[in-house]
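Hi there,

Here is the structure I promised to pass on. Have a look at it first, and then read on for what turned up.

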Amino acid sequence: MQPDVDGAVHRLVPGPAGRIHLVEQGSGPLVLLVHGFPESWYSWRRQLPALAAAGHRAVALDVRGYGRSSRPADPAAYRMRDLVADNVAVVEALGEESAVVVGHDWGAGIAAHSALLRPDVFRAVGLLSVPYTPPGGPRPSDVFAGMGGPDAEQEFYVSYFQEPGRAEAEIEPDVRGWLAGFYAALSAETMPAPGAPDPHFVTRGGTLRDRFPADRLPSWLTEEDLDVYAGEFERTGLTGALNRYRNMDRDWADLADLHGAPVTQPSLFLGGALDASTTWLSEAIDAYPVTLPGLTASHLLDGCGHWLQQECPEETNRLLTDWLAALPG
């Protein structure tokens with residue numbers, strides 16, 4: 001299924017790995033929207049018309065490995081520097097010299113590193129759900145391997161995703177059902193109650209899905225929306241999307257020369273008050289005066305979980321357009 005947003009146009013543009021699929025609406029200063037896992041350009045369906053109405057050229061892309069964008073076979077082709085190069089290629093293909101880049105989840109990391117590595121192209125950066133943490137620190141795989149607790153009876157989901165083929169074996173026999181549970185597990189209105197088994201962990205010998213809510217969708221996700229997401233991943237498989245997790249140690253090595261580097265452009269952070277990303281990474285938010293010295297707005301949205309721009313679209317759109325309007329020309 002190829003969904004449409006009224007007034008938006010689908011395009012394919014050349015990129016370093018082949019093609020990049022994007023959806024474009026409006027005219028004016030370019031705003032590039034970068035999704036996270038496991039989503040697609042479609043996660044910005046409620047932002048495209050709002051940004052266009054506010055006088056922006058809004059462009060939501062399928063990240064490398066997703067949707068209609070190219071899916072290189074080499075897992076190393078999904079390192080952060082390559083994804084930044086894709087974003088630069090989109091700006092150039094659209095005939096622009098600069099853009100504001102806004103990302104959600106993994107897209108927030110891609111957006112932040114786009115601003116860090118190419119300040120000549122990306123003049124401002126908006127981060128949704130996942131705070132910016134500068135390159136450096138311990139090797140990521142070592143950190144995640146130690147997050148299961150002293151009894152090691154459970155495993156953090158990132159470690160689970162990092163092993164080639166393992167998560168695919170869980171997800172791909174029932175993509176639609178798995179996605180429904182994953183979206184529900186991290187949504188404010190359907191997430192497990194406090195004290196229930198945490199869906200960010202896998203019991204040894206079990207699956208991630210064992211801890212998902214069953215047979216209920218959050219109100220932001222219609223059956224038709226779920227069909228869109230499931231249809232794309234049933235067609236492409238999950239390996240391209242999961243390869244982002246499998247490059248974290250490569251990124252750690254690739255970006256070693258930028259240890260502790262701040263992002264200095266004007267920036268925005270929006271997080272869900274009920275999202276584990278904002279609670280686990282609260283120290284990263286506290287460090288923003290050093291790591292994001294250009295931060296001009298930061299908000300935690302009450303009653304909102306991880307899927308920020310889909311759970312709370314009106315508030316997200318208002319905060320995003322207000323921030324964009326206040327940026328220097």
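A residue counts as buried here when its relative accessible area is under 20%, as exposed when it is over 50%, and as partly exposed in between. Please keep in mind that this is a predicted model.

With that cut-off, Trp307 is buried, because its relative accessibility is 0%. Its partner in an aromatic pair is Tyr183: the ring centres are 5.2 Å apart and the planes stand at 90°, so the pair is edge-to-face. Tyr183 belongs to helix H7 (residues 175-185), while Trp307 sits in the loop between strand S10 (295-301) and helix H14 (308-311), so the two rings tie together parts that are 124 residues apart in sequence. Tyr183 is buried as well, at a relative accessible area of 1%.

Aromatic pairs come to 25 in this model. Another of them joins Trp106 and Tyr245, edge-to-face, with 5.6 Å from centre to centre and 80° between the planes. Trp106 is part of helix H3 (residues 106-117) and Tyr245 lies in the loop between helix H9 (239-242) and helix H10 (248-254), so this pair links parts 139 residues apart in sequence. Trp106 is buried at a relative accessible area of 16%, and Tyr245 is buried at 4%. Arg244 also takes part in the picture around Trp106: Arg244 lies over the face of that ring, 4.6 Å from the ring centre.

Back to the helix that holds Tyr183. Why can H7 be called largely enclosed by the rest of the structure? Nine of its eleven residues are buried, so the description fits. The buried ones are Val175, Trp178, Leu179, Ala180, Gly181, Phe182, Tyr183, Ala184 and Ala185. Among the elements that cover them are helix H5 (157-162), helix H6 (166-171) and helix H8 (223-236).

Met191 comes after this helix, in the loop between H7 and strand S8 (201-203). Met191 is partly exposed, with a relative accessible area of 25%. Leaving aside residues up to four places away in sequence, Met191 touches Ala184, Ala185, Leu186, Leu274 and Gly305. The C-alpha atoms of Met191 and Asp275 are 9.7 Å apart, although 84 residues separate the two along the chain.

Now for the sheet. Eight strands make up an open sheet with mixed pairing, in the order S1-S2-S4-S3-S5-S6-S9-S10. Strand S1 (9-15) and S10 are at the edges with a single partner strand each, so one side of each has no neighbour in the sheet. On average, neighbouring strands of this sheet are turned by 20° against each other, direction ignored. Within it, strand S5 (residues 99-104) and strand S6 (residues 122-128) pair in the parallel sense over six bridges, and Ala99 stands opposite Phe122 in S6.

Two helices that lie across strands of this sheet are worth a look. H3, the helix of Trp106, lies across strand S3 (30-34), S5 and S6 and runs at about 160° to S6. Helix H15 (residues 313-326) lies across S3, S5, S6, strand S9 (267-272) and S10, at about 175° to S10.

Happy browsing, and best wishes!

Definitions and conventions. Residues are numbered from 1 along each chain as its sequence is written. This is a predicted model: local features need pLDDT of at least 70, side-chain atom pairs count only at pLDDT 80 or more; totals for chains, interfaces and linings use all residues. Side-chain values use heavy atoms; hydrogens and water are left out. Rings of Phe, Tyr and Trp (its six-membered ring) pair if their centres lie within 6.5 Å; planes under 30 degrees apart count as stacked, over 60 as edge-to-face and the rest as tilted. Helices (H or I, at least four residues) and strands (E, at least two) are DSSP runs, numbered from the N terminus. Buried means under 20% relative accessible area, exposed over 50%, partly exposed in between (1.4 Å probe, protein chains only). A charge sits over a ring if NZ of Lys or CZ of Arg is within 6 Å of the ring centre and within 35 degrees of the ring normal. Contact means heavy atoms within 4.5 Å. Two strands pair if DSSP finds at least two bridges between them. Axes are lines fitted to C-alpha atoms, for helices over the stretch in contact, and angles run from 0 to 180 degrees between N-to-C directions.
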